[in-house]
Number of protein chains: 2
Amino acid sequence: MDDKDLEILKLVQSNARMTAETLGQAIGLSPPAVQKRLKKLRESGVIENEIAVLSPARLGREMTVIVQVMLERENRMYLENFKRKMRNVPAVQQCYYTTGEADFILVVVVNNIKEYEEFTQECFFDESNVNKFTSSIVMDRVKVSLDIL
Amino acid sequence: MDDKDLEILKLVQSNARMTAETLGQAIGLSPPAVQKRLKKLRESGVIENEIAVLSPARLGREMTVIVQVMLERENRMYLENFKRKMRNVPAVQQCYYTTGEADFILVVVVNNIKEYEEFTQECFFDESNVNKFTSSIVMDRVKVSLDIL
DNA sequence: CTTGAAACCCGCCTGCA
DNA sequence: TGCAGGCGGGTTTCAAG
């Protein structure tokens, strides 16, 4: 992990389709050298995976909601149950276990308000440990990225 | 956009490195056919881009904070200023303009608490229109994905 | 760096609606 | 007749020596 690796990461985190040749001339390295570095970065887990980012709008996913969830009881079993549920529900794009007022903060993506209502029914009312939750409707997805460099 | 396209999207949204051949035999299509569909999906913007997902832990980005921001004044110019700022600050991974108590909800990724303090100084105190903000420290990134299918 | 193998891209042709 | 799938070429990219 040196500066060259970091430069490669900075580039591929916003575009994974760059060829080794393009990357190479951007940072001053031969294509095979770049490929070897990429291979190591993937194997070591620095690059976790490579994904296609889809357009929510083009696919009818018009609605994003950020939800703060307060649980009833906070013992370990309930926490794990809730986490497992979140991982398995497709509408939940992101789930964070946090300090502060809320126990969990979610980013939920659905087609419309009806689907959101169904989601809350399934996850927050039925057989659940949720005490309270507050929903914030997203009016503008100002910035959405996973870049960390 | 038919079922085959949707199947392709479902696969590539979690792994963009699948070859056209692999995709083809998963959904019953020849490799060239898959490539043509991918090309169209990219050109039409259904696939916005393809990115490498990096490991925050491996890169020292140990700290994720979810921030709710209430602005002082909500007129258009201040909103746009704030949005522009968020887009330009690298620590801000995500920024949503929302209904509800908070005007904006942010996902911020930093190395440590000191960097977070610097971030708040830069974005919330100096020459800014921020009335109040609350920080929730993330203890567990239970689920982080961009999948929408 | 060089080489062999594999994946991708671009024609053309065919079949079907 | 127009659109989508399949096949073949050449070209680029990838991966091992």
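**Two protein chains and two DNA strands**

Hi everyone, let me start with one contact: a phosphate oxygen of DNA strand C sits 3.1 Å from a polar backbone atom of Ala20(B). That is a polar contact, meaning a pair of N or O atoms within 3.5 Å; within protein, one must be able to donate a hydrogen and the other to accept it, and residues adjacent in sequence count only if both atoms are side-chain atoms.

Some housekeeping before we go on. This is a predicted model, where local features need pLDDT of at least 70 and side-chain atom pairs count only at pLDDT 80 or more, while totals for chains, interfaces and linings use all residues. Residues are numbered from 1 along each chain as its sequence is written, chains are lettered from A and ligands numbered from 1 in the order in which they are written, and side-chain values use heavy atoms, with hydrogens and water left out.

Back to strand C. Which residues surround DNA strand C? From chain A there are Arg17(A), Ser30(A) and Lys36(A), and from chain B there are Thr19(B), Ala20(B), Glu21(B), Gln35(B), Lys36(B) and Lys39(B). Here, "near" means that a heavy atom of the residue lies within 4 Å of the strand. Gln35(B) places a polar side-chain atom 3.5 Å from a sugar or linking oxygen of DNA strand C. The elements giving two or more residues to this surface are α2 (20–27) and α3 (31–43) of chain B. Helices and strands here are DSSP runs numbered from the N terminus, with helices being H or I of at least four residues and strands being E of at least two. With 3 residues, α3(B) gives the most to the surface near DNA strand C. If you look at the DNA side, 67% of the strand C atoms within 4 Å of the protein belong to sugar or phosphate, and the rest to bases.

What classes of residue make up the surface near DNA strand C? It divides into 1 nonpolar, 3 polar and 5 charged. In this scheme Ala, Val, Leu, Ile, Met, Phe, Trp, Tyr, Cys and Pro count as nonpolar, Asp, Glu, Lys and Arg as charged, and the others, Gly among them, as polar.

Now for strand D. Its surroundings include Glu21(A), Lys36(B) and Arg37(B). The side chain of Glu21(A) has an N or O atom 3.0 Å from a phosphate oxygen of DNA strand D. For Arg37(B), a side-chain N or O atom is 2.4 Å from a phosphate oxygen of this strand, while Lys36(B) has a side-chain N or O atom 2.4 Å from a base oxygen. The elements giving two or more residues here are α2 (20–27) and α3 (31–43) of chain A, together with α3 of chain B. The largest share, 5 residues, comes from α3(B). For strand D, 56% of the atoms within 4 Å of the protein belong to sugar or phosphate, and the rest to bases.

Finally, let's see how the two chains meet. In contact, meaning heavy atoms within 4.5 Å, are 60 residues of chain B and 60 residues of chain A. The area buried between them is about 6100 Å², with carbon and sulfur atoms giving 59%. Buried area is the accessible area (1.4 Å probe) that two parts lose on being put together, summed over both. In chain B, Lys143(B), Leu146(B) and Ile148(B) lose the most area to chain A, together 13% of what that side buries.

How many salt bridges are there between chain B and chain A? The count is 4, where a salt bridge is a side-chain nitrogen of Lys or Arg within 4 Å of a carboxyl oxygen of Asp or Glu. In one of them, Arg17(B) pairs with Glu50(A), the closest N and O atoms being 3.9 Å apart. That pair runs from the loop between α1 and α2 of chain B to strand β1 of chain A.

The β1 strands meet too: β1 (residues 47–54) of chain A and β1(B) pair in the antiparallel sense over 7 bridges. Strands pair if DSSP finds at least two bridges between them. Within that pairing, Asn49(A) has Val53(B) as its bridge partner. Thanks for listening!
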